Amino acid sequence: MLPSHLPEPDLYRPGTGEPSLRWGIAGPGWIAGEFTKALKAHTNQQVVAVSSRAQERGAAFAAEHGLSLTFGSVEQMAAHPEVDVVYIATPPSDHVISGLAVIAAGKHVMIEKPFTVSAAQAHQLADAARAAGVLAMEGMWNRYLPQTSVLRKLLDDGVLGEVRTLLADHGQAIPADPQHRLYRPELGGGALMDIGIYPMAFSSFVLGPPRQVTAIGSMTDTGVDAQSTIVLQHAGGAQSTLFSSIVGRTPSTATVAGSEASLTFGEYFYTPTTFTLRGPGHFDPVLSWSDPSGLTQFEALSWEATALATFVGQGRTESPVHTLSEITQIMDTIDQARAQIAAS
Ligand SMILES: NC(=O)c1ccc[n+]([C@@H]2O[C@H](COP(=O)([O-])OP(=O)(O)OC[C@H]3O[C@@H](n4cnc5c(N)ncnc54)[C@H](OP(=O)(O)O)[C@@H]3O)[C@@H](O)[C@H]2O)c1
């Protein structure tokens with residue numbers, strides 16, 4: 001039996017006592033711009049600084065977004081007394097380098113997904129953050145979206161019953177430019193690392209770590225994974241089938257199927273979206289949900305920023321809904337899958 005009502009989402013609402021932190025942005029690229037706009041429009045956070053490898057790019061970003069401080073390195077920015085937290089939006093290969101620099105300066109850090117390019121690097125960052133007593137968080141923004149809290153409640157309340165199957169995909173057709181960071185192995189490119197991290201983290205959220213990892217994929221001429229299918233076998237026989245691609249656009253939806261009900265997120269499941277909840281029978285009634293917050297697409301990066309500030313205000317050194325040990329476990333699964341894809 002489906003419930004008569006769906007649970008209300010838990011929201012990381014701004015203005016609920018979280019500190020107004022002063023943010024520095026490392027790497028003034030595409031997502032850095034979206035993140036900065038989202039923070040300025042939809043949070044109580046302050047974006048005050050940017051660091052770039054090139055003076056003119058930093059200055060242009062600062063001018064566009066009205067930031068008062070520009071720096072030539074993340075080290076200099078993190079050391080500045082008017083910066084409380086750094087958002088790292090550089091390519092994945094740089095995340096461990098910049099992340100360690102911020103932690104060494106004693107500042108909190110949010111690192112864009114993927115947290116690092118290996119489990120070993122993720123351990124390194126997690127250990128450093130724990131030792132320094134600062135908060136380190138992956139910018140896995142999906143975790144902080146309203147829809148994710150509703151799914152958590154449905155799972156915890158047993159509405160889906162025993163979860164046996166999870167399907168999730170994320171495919172984009174990125175033009176095959178060898179200079180594009182997604183096609184460059186030395187920058188941590190490839191579908192799984194950059195795009196497949198979303199299905200992978202979603203599986204971890206619902207079913208926890210796998211017992212067995214089976215992956216098959218194909219590589220680009222530049223030596224990154226172009227697309228792959230990964231089957232994860234979990235405790236009790238539950239399975240996740242995860243697909244990612246940089247050579248083909250796929251629906252990018254996700255389904256969690258249990259003995260009592262099945263939940264399907266609509267297109268771009270990792271962004272603010274809709275879901276339907278269906279009973280196990282073909283003609284069972286359907287409940288529909290859509291994000292009530294009014295925040296769409298990348299405006300919703302604001303949730304993770306308010307979440308970080310909330311956690312800092314609570315004296316936490318990691319996210320309670322996406323812990324450092326879960327992040328390192330996900331990176332370990334990706335390590336295993338990447339090795340199999342490269343060999344397939
Ligand atoms: N949450 C999301 O929805 C989302 C969406 C897109 C991307 N991302 C993630 O955000 C990160 C950045 O992606 P993006 O698409 O914004 O990339 P991007 O547009 O290429 O920007 C990355 C920035 O990092 C700096 N950079 C480039 N190469 C570097 C290197 N080797 N070492 C240090 N800094 C370097 C550059 O700034 P300077 O040269 O000026 O220093 C560049 O502007 C990635 O981890 C990606 O997976 C997340």
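This passage walks through a sheet and the surroundings of a ligand in a predicted model. Residues are numbered from 1 along each chain as its sequence is written. Because the model is predicted, local features need pLDDT of at least 70 and side-chain atom pairs count only at pLDDT 80 or more, while totals for chains, interfaces and linings use all residues.

Start with the sheet. Six strands (E runs of at least two residues in DSSP, numbered from the N terminus) make an open, parallel sheet in the order β3-β2-β1-β4-β5-β6; strands count as paired if DSSP finds at least two bridges between them. At the edges sit β3 (69-71) and β6 (136-139), each with a single partner strand, so one side of each has no neighbour in the sheet. On average, neighbouring strands are turned by 25 degrees against each other, direction ignored. The parallel pairing of β2 (46-51) with β3 runs over 3 bridges, and Ala49 has Leu69 of β3 as its bridge partner.

Now for the ligand. Its shell holds 22 residues, counted when the C-beta atom, placed from the backbone, lies within 6 Å. The closest are Gly27, Gly29, Ile31, Ser52 and Glu112. Two or more residues each come from α1 (30-42) and α4 (92-104), helices being DSSP runs of H or I with at least four residues. The largest share, 3 residues, belongs to α1. Domain 1 (22-141) and domain 2 (143-343) each supply at least three residues, with bounds taken from an automatic or database domain assignment.

Terms used
Axes are lines fitted to C-alpha atoms, for helices over the stretch in contact, and angles run from 0 to 180 degrees between N-to-C directions.
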